[in-house]
Amino acid sequence: RLNNTFLLPRAFSFKWDLIYKSPSITAQTRREAYLYSNVALKKGFKNNMWILTFSVVNIFNSKKYDLINAGMDYYIESNYEEKPYLYFKVAYSFNNQE
């Protein structure tokens, strides 16, 4: 996991995450490795009492993997894929104690 936050002019901050999930093997399940990345732009207002955040999750559309469940009498193979999505968040701090 790699997390970077960059301070930009006009009190903006830019955050970039890079997440790697290694292959996973349990008694009945096997999952492939996958890698994905998120970005966010954040700005505080009114002494940071209000914070606005705009984010893009899975920006490169790379969160995809195969999952295999197997046991004595069954075998299930699944393909997982999460499409990129955007979100906008507004947060207000009621009691901003220092």
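Let's start with Lys43, which sits in strand E5, residues 34-45. Keep in mind that this is a predicted model. Is Lys43 buried or exposed? Its relative accessibility is 17%. The cut-off for buried is under 20%, so Lys43 counts as buried.

What lies around Lys43? Leaving out residues up to four places away in sequence, Lys43 touches Arg10, Ala11 and Phe12. It also touches Trp50, Ile51 and Leu52. There is a polar partner too. A polar atom of the Lys43 side chain lies 2.6 Å from the backbone oxygen of Arg10.

Now the sheet. It is open, with five strands in the order E1-E2-E5-E6-E9, and the pairing is antiparallel. Which strands stand at the edges? Strand E1, residues 2-8, and strand E9, residues 85-92. Each has a single partner strand, so one side of each is left without a neighbour in the sheet. From one strand to the next, the twist averages 15°.

Take the E9 end. E9 pairs with strand E6, residues 50-57, in the antiparallel sense, over eight bridges. Within that pairing, Ser55 stands opposite Tyr87 in E9.

Those two residues come back in the pocket. The largest pocket has 14 lining residues, and Ser55 and Tyr87 are among those nearest its centre, along with Lys15, Ala40 and Thr53. The space in this pocket is about 300 Å³.

Which strands supply the lining? Strand E2, residues 12-21, supplies at least two residues, and so does each of E5, E6 and E9. E5 gives the most, with five residues. That brings us back to the strand of Lys43.

Notes:
Residues are numbered from 1 along each chain as its sequence is written. This is a predicted model: local features need pLDDT of at least 70, side-chain atom pairs count only at pLDDT 80 or more; totals for chains, interfaces and linings use all residues. Side-chain values use heavy atoms; hydrogens and water are left out. Two strands pair if DSSP finds at least two bridges between them. Helices (H or I, at least four residues) and strands (E, at least two) are DSSP runs, numbered from the N terminus. Axes are lines fitted to C-alpha atoms, for helices over the stretch in contact, and angles run from 0 to 180 degrees between N-to-C directions. Buried means under 20% relative accessible area, exposed over 50%, partly exposed in between (1.4 Å probe, protein chains only). A polar contact is a pair of N or O atoms within 3.5 Å; within protein, one must be able to donate a hydrogen and the other to accept it, and residues adjacent in sequence count only if both atoms are side-chain atoms. Contact means heavy atoms within 4.5 Å. On a 1 Å grid over the protein atoms alone, a cavity is a set of points where a 1.4 Å probe fits but cannot get out, and a pocket is an open set with protein on both sides within 12 Å along at least five of seven lines; lining residues have an atom within 4 Å of a point. Grid points are joined across faces, edges and corners, and a volume is the space filled by probe spheres set on the points.
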